[in-house]
Amino acid sequence: MWRALDDHPPPGARRLQRWRSPLRGRWLTSVFGATLLVTLPIVALTGLLSYIAYGPRFGQAIPGDVGWLKLPTFDWPTDPSWLYRLSQGLHVGLGLVVIPVVLAKLWSVIPRLFAWPPSRSIAQLLERVSLLMLVGGVLFEIVTGVLNIQCFGFSFYTAHYFGAWVFIAGFLVHVAIKAPRMWSSLRAMRLRDVLRTRREDTRAEPWEPDGLVAAEPGPVTISRRGALALVGGGALFMAVITAGQTLGGVTRHAALLLPRGRTRGDGPNDFEINRTALAAGISSARTGERWRLTLTGGARPVVLDRAALLALPQYTATLPIACVEGWSTVQTWTGVRLGDLARLAGVPAPESAHVSSLDSGPFGSATLQRNQVLDPDALLALRVNGVDLSADHGYPARIVVPALPGVHNTKWVTAIAFRAAPDA
């Protein structure tokens, strides 16, 4: 079968001979591969942690039904308060930074991607399938991830979650097959020697059958150190135009890839907004004097207006809000502790709390786990940076919980249902 495939190549297969760069070879490909071997698992792990942080056991993570791909869940911690800011900042930021490395790695192996016949043995066929899953998976994750942080116009979460598992499976198989060859290839040249080699002294690696080196390499137009500098510079550029969305401060001005967090408020409310009051259909009539907060879970509902909430003990905490899209912001919030509201509702030791909002959109409610309700810095915030919340930031009241994904820091809160533990 292999011989028959070899004798009948598809149209265009001979064009592979046009890829003649003398830089292609096992060493350069292994350098890019080793870089991705370190960085891509971090991107994958932080992405899966984000899914867990959304509370899949409460049915509020997307996708909800993942079948046998279900992850082990645990109570997402509230300490340190910047945990989700770090994990999701790494996921989005590092995912963008490695794009130049991914593209360089694909460039270095592109002749083999279209080699004919596709395989000459069962082992090679397995390698090709893993490569297809790896390349297809990583490109799909990059494209859908970038589209999400820039426009958010499609069902991103489900596609991204299952695409991640395709990538992870291909990645693990490919590493198992290629790791020994990668380590031996890295030892073939010393990095110090490569960095000292000028363009005119650059030579192609020895040709080998079914290898990456062209049978007749073309002229040298850039040295290997130049190629590494080009890719490294591209990664550094991506870091510069990305990192500010997580780091904040003056670096935010350089965050050209900043997603929809560019929408901002005024004065002390001048920080990122994902969903405005207008977009959520929240009118001043609904948040004015007739607004009430209803607490349930005890013997009878407790109904409070904003004046009653302001009369309760007030606490202040400086906490970040970190979005799944990678941006984050740190502000100083003032309001009533959720634990105090739970006691007022007659549920001093709640197992969870379901928060409802005036917003009827897909993220207009959230379920908080026990430690998120009882954390001393978990607030129903009424003010921010010393002034009332703006309408866009959730006036008259919003949830702010340490290390909670931003979308679950629900705005325009109208009800909190505290649920007691089964043995309470």
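Guide: A helix here is a DSSP run of H or I with at least four residues, a strand is a run of E with at least two, and both are numbered from the N terminus. By that rule the protein has 14 helices and 10 strands. The model is predicted: local features need pLDDT of at least 70 and side-chain atom pairs pLDDT 80 or more, while totals for chains, interfaces and linings use all residues. Residues are numbered from 1 along each chain as its sequence is written, and side-chain values use heavy atoms, without hydrogens or water.

Visitor: How do you know what span to expect of helix H8?

Guide: The expected span is 1.5 Å times one less than the number of residues. H8 (residues 224–240) has 17 residues and reaches 24 Å from first C-alpha to last, close to the expected 24 Å.

Visitor: What makes a residue of H8 buried or exposed?

Guide: Buried means under 20% relative accessible area, exposed over 50%, and partly exposed in between, using a 1.4 Å probe and protein chains only. In H8, Arg224, Ala227, Leu228, Val231, Ala235 and Met238 are buried. Seen down the axis, the buried residues of H8 fall within an arc of 100 degrees, so they line one face; the arc is that of the directions from the helix axis to the C-beta atoms. On the other side of H8, Ala229, Leu230 and Leu236 are exposed.

Visitor: What do the buried residues of H8 pack against?

Guide: They pack against helices H2 (26–53), H3 (83–97), H4 (99–113) and H7 (191–196). Contact means heavy atoms within 4.5 Å. Beyond its neighbours within four places in sequence, Phe32 contacts residues including Leu228 and Val231.

Visitor: Why is a set of residues called a nonpolar core?

Guide: The name is given to buried Ala, Val, Leu, Ile, Met, Phe, Trp, Tyr and Cys residues joined through side-chain atoms within 4.5 Å. The largest such core has 45 residues, and Phe32, Tyr84, Tyr161, Phe167 and Leu228 have the most contacts inside it. H2 gives the most to this core, with 11 residues. A second, separate core of 31 residues includes Ile282 and Leu368.

Visitor: What makes an empty space a cavity?

Guide: On a 1 Å grid over the protein atoms alone, a cavity is a set of points where a 1.4 Å probe fits but cannot get out; lining residues have an atom within 4 Å of a point. The count comes to three cavities of 30 Å³ or more. The largest cavity is lined by 33 residues, of which Gly47, His91, Glu141, Phe156 and His160 lie nearest its centre. H2, H3, H5 and H6 are the elements that give two or more residues to that lining.

Technical notes. On a 1 Å grid over the protein atoms alone, a cavity is a set of points where a 1.4 Å probe fits but cannot get out, and a pocket is an open set with protein on both sides within 12 Å along at least five of seven lines; lining residues have an atom within 4 Å of a point. Grid points are joined across faces, edges and corners, and a volume is the space filled by probe spheres set on the points.
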